[in-house]
Structure formats: structure tokens, C-alpha cells
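Visitor: Got a minute to walk through this one with me? I'd like to start with the empty space inside.

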Amino acid sequence: MKKLMAVAAALAVSGLLSPLAQAKTTLTVYTALEADQVKDYKEAFEKANPDIDIRWVRESTGVITARLLSEKNHPQADAVWGLAATSLMILDQQGMLQAYAPKGVEKLSPQFVDKARPPKWTGMDVWAAAICFNNVEAAKKNLPKPESWTDLTKPVYKGQIVMPHPASSGTGYLDVSAWLQTLGEKKGWDYMDKLHANMGQYVHSGSKPCKMAAAGEYPIGISFEYRGAQLKEKGAPIDLIYPKEGLGWDLEATAIIKGTKNLEAARKLADFSVSLPAMKLYEQNYAVLAMPGVAKQNPYIPVDYSQRLSKNNFGWAAKNRDAILKEWSRRYESKAAPKE
């Protein structure tokens, strides 16, 4: 009898008789990462943290941001991993983010980390605007290759362009924000009026315009560099154009939602998000990372890519987002694609 009790005690200590000891924490993580990224990110994090399971809630930037804001008084997310820094600034303005300095955050470039101490969010990588130009379709239609944002307003491109809807897509919003910041508000809206005249439609995804260009649905898709480089590497008949006026851009970033009941697990996610293994994951997709010295040169992205990024006041872009989107919708919603 004593032997049986001793064995039972040993099993209990080892956790074999205790379901609670074996239970994992389910961490609800909201994200706007691309669909083909979330699997690898989840696997890498869970391998490093076998006691935690990620439950993704994934949508485009605008949809996830709106959902988080609607849940302000009853948060459903524990953390955010892969959302525009401008969106996280809006959440911070609403008092929704938990301050935390992840382990290793000092290894990141300071400009990619929230200035609060401890920070409310930490950057991961940069994504920026690019034009995907289908050479085959353009040749059929005798379309010249554009070199600038201004070129896209020429009458020859009427009906030949697709771009992301800025209320749905972070890529769409970084375009609009950049045009307003670099040109000034009056000239920026004037530019978008002319661009709208040539627009085929506004779609609800940042990567879709490049996919549509690659498939020949439209000869020109305003998208972002990673998706274009990936499609070109796979053999799509597209060129990537980096307009000479400069590229709108934003940061993908990570944050903890205030009030989470899984704070320790959320902190582990934040720690992992700034780690070298995580940066090596980001490096597979992006040319500029929050951690210096990790990114490798992509043959389809210019060597001076980081110098081509336009000046970006993230605070201005976050503060004025609602007003900008309201005005944009008033002017251009007529060409928005149906939401799927």
C-alpha cells in the first residue's frame, strides 16, 4: 500500500495525474499579418513556448483596428502581433495598451519602438508602397511603364489601376497618408482626385492589387514591396516600381492589450516578437527590420530602399486617420469593390 501511495505521489508531482498541470494557456492574438505568414510565426513561437497556444484572429488592418476599438470596454484579444504602428497609436490614445518592455528591446533601433517608457508597442519590420506592373498586359494595351506617382494620373492609364481601400487596408492608408504628408493636404487631395479618375477599383486587401496585376486582371496594382517581390520570384510577369517621389510606409508592431487575463503569456509573446529568431522570420519577407544587422538584400528590392521611404509623422497619421478616411470615402467610395 505504501508503495502504491509513493508511486501515486510521484506521478502527481510529475503532473501525469494532474490535467491542470498539463493544460496550456490559449492566447488570443489579433493580427493583420499576411495569411501565408501566420502559420510559421505560430509554429516558431509555440516551439519556444510549448505551454502556450496561439489562437489567431486575422483580418486586414482596418478591420482589425475597428474590431479592437469596438471591444474597448470588453477586450477579447490578449495581444496584437503584426498590426500597423499607426493603428496601435490609436489604441494607445484610447488607453487600451499595456506598457511592457520586452526582454531584448534594447537591441531594436530606437525609432522602431514607442517612445513611452516602458513602451506600449514595439516594432517588427517596415512595409512600404510599390507598384506592380504587368509587362505582358501593358504591352497588349500599349501602356508605358510609369516611373512616378504623378505618372499614374496620365489619361493613358484610365481604368487600368487597382489599389487598396484605405479604410480596410493598412497599405491603402499608408499610401493616402504619404501623399497628404509629402504633397500637403490640398495638393494631396488634388492628386487623389486625378488618380481616382484612372482607378479601376479599390479592393479590401493590401496584397490583392499586386496579385491582380500578376494574374493580368489589371496591368497596374498599387501594393507593397514584399508581395511584389514574392510574386516576381515565383515567375509572375511583373516589374516592381518604386516611385521617385518616395514610398509611403508603416511599421508592423506588437502590443499587449490592457486587461488581458493572460498577462504572463502575452509578455512571452512580446519577448519573442523582438527576439533574433522572430527577426529571422520577418527577414524572409521584409527588407527593413527593427533589429539592425539581420535583414538580407532581396534581389527585387533596391539596395537604397530605406532611403526611398518618405518622411512619415506616425502621430499625425494616427491622430487624423478618422477624418482622412471620412473625406476619402466621401470622394472615392463609388469605386470601392464589394466586401467579400
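Visitor: Okay, which element gives the most to the lining of the largest cavity?

Guide: That's H7, with 5 residues. Keep in mind that this is a predicted model.

Visitor: What volume does the largest cavity have?

Guide: About 70 Å³. It has 13 lining residues, and the closest to its centre are Leu174, Ser177, Gln181, Trp249 and Asn312. Two elements give two or more residues to that lining: helix H7 (170–183) and strand S10 (249–257).

Visitor: And how do the residues of that lining divide into nonpolar, polar and charged?

Guide: You get 5 nonpolar, 6 polar and 2 charged.

Visitor: How many cavities of 30 Å³ or more does the structure hold?

Guide: There are 5 of them. The second largest has a volume of about 60 Å³.

Visitor: Which residues line the second largest cavity?

Guide: The lining is made of Gln98, Tyr100, Pro102, Pro119, Lys120, Trp121, Thr122, Thr254, Ala255, Ile256 and Ala270. Strand S5 (121–134) and S10 each give two or more residues to it, and S10 gives the most, with 3. By class, that's 7 nonpolar, 3 polar and 1 charged.

Visitor: Let me pick Thr122 from that list. Is Thr122 buried or exposed?

Guide: Buried: the relative accessibility of Thr122 is 3%, so it falls under the 20% cut-off. Thr122 sits in strand S5.

Visitor: What is Thr122 in contact with, leaving aside neighbours within four places in sequence?

Guide: Quite a list: Pro102, Val105, Leu108, Phe112, Val113, Glu252, Ala253, Thr254, Ser273 and Val274. Pro102 and Thr254 also turn up in the lining of the second largest cavity.

Visitor: Switching to the open space now. How much space lies in the largest pocket?

Guide: About 590 Å³. The pocket is lined by 35 residues, and Arg58, Ser60, His204, Ser205 and Gly206 are the closest to its centre.

Visitor: Which elements give two or more residues to that pocket lining?

Guide: H3, helix H4 (61–70), strand S3 (79–84), H7, strand S7 (199–203) and helix H9 (208–214). In terms of chemistry, the lining has 13 nonpolar, 12 polar and 10 charged residues.

Visitor: What about domains, which ones does the pocket lining draw at least three residues from?

Guide: Both domain 1 (25–126 + 251–296) and domain 2 (127–248 + 310–335) supply at least three residues each. Those bounds come from the domain assignment of the chain.

Visitor: How far apart do the C-alpha centres of domain 1 and domain 2 lie?

Guide: They're 26 Å apart. The contact between the domains takes 19 residues from domain 1 and 19 residues from domain 2.

Visitor: Any annotation to look at? Where does UniProt place the feature "binding site"?

Guide: The UniProt record, an unreviewed entry, places "binding site" at Tyr226. Tyr226 lies in helix H10 (residues 225–233).

Visitor: Is Tyr226 buried or exposed?

Guide: Tyr226 is buried, because its relative accessible area is 3% and the cut-off for buried is under 20%. Not counting residues up to four places away in sequence, Tyr226 touches Glu34, Asp36, Gln37, Asn285 and Tyr286.

Visitor: Okay, H3 came up earlier. Where is Asp40?

Guide: In that very helix, H3 (residues 35–48). Asp40 counts as partly exposed, at 35% relative accessibility. From Asp40 to Ser168 is 24 Å, C-alpha to C-alpha, with their positions 128 residues apart in sequence.

Visitor: Now the backbone oddities. Which peptide bond is cis, with omega near -5°?

Guide: The one from Arg117 to Pro118. Pro118 is in the loop between strand S4 (97–98) and S5.

Visitor: And which residue other than glycine has a positive phi, near 55°?

Guide: Asn142. You'll find Asn142 in the loop between helix H6 (135–140) and strand S6 (161–164).

Visitor: Is Asn142 buried or exposed?

Guide: Exposed: Asn142 has a relative accessibility of 67%, and anything over 50% counts as exposed.

How values were computed: Residues are numbered from 1 along each chain as its sequence is written. This is a predicted model: local features need pLDDT of at least 70, side-chain atom pairs count only at pLDDT 80 or more; totals for chains, interfaces and linings use all residues. Side-chain values use heavy atoms; hydrogens and water are left out. UniProt positions are given in the numbering used here, feature names are shortened, and annotations may be inferred rather than shown by experiment. Helices (H or I, at least four residues) and strands (E, at least two) are DSSP runs, numbered from the N terminus. Buried means under 20% relative accessible area, exposed over 50%, partly exposed in between (1.4 Å probe, protein chains only). Contact means heavy atoms within 4.5 Å. On a 1 Å grid over the protein atoms alone, a cavity is a set of points where a 1.4 Å probe fits but cannot get out, and a pocket is an open set with protein on both sides within 12 Å along at least five of seven lines; lining residues have an atom within 4 Å of a point. Grid points are joined across faces, edges and corners, and a volume is the space filled by probe spheres set on the points. Ala, Val, Leu, Ile, Met, Phe, Trp, Tyr, Cys and Pro count as nonpolar, Asp, Glu, Lys and Arg as charged, and the others, Gly among them, as polar. Domain bounds come from an automatic or database domain assignment.
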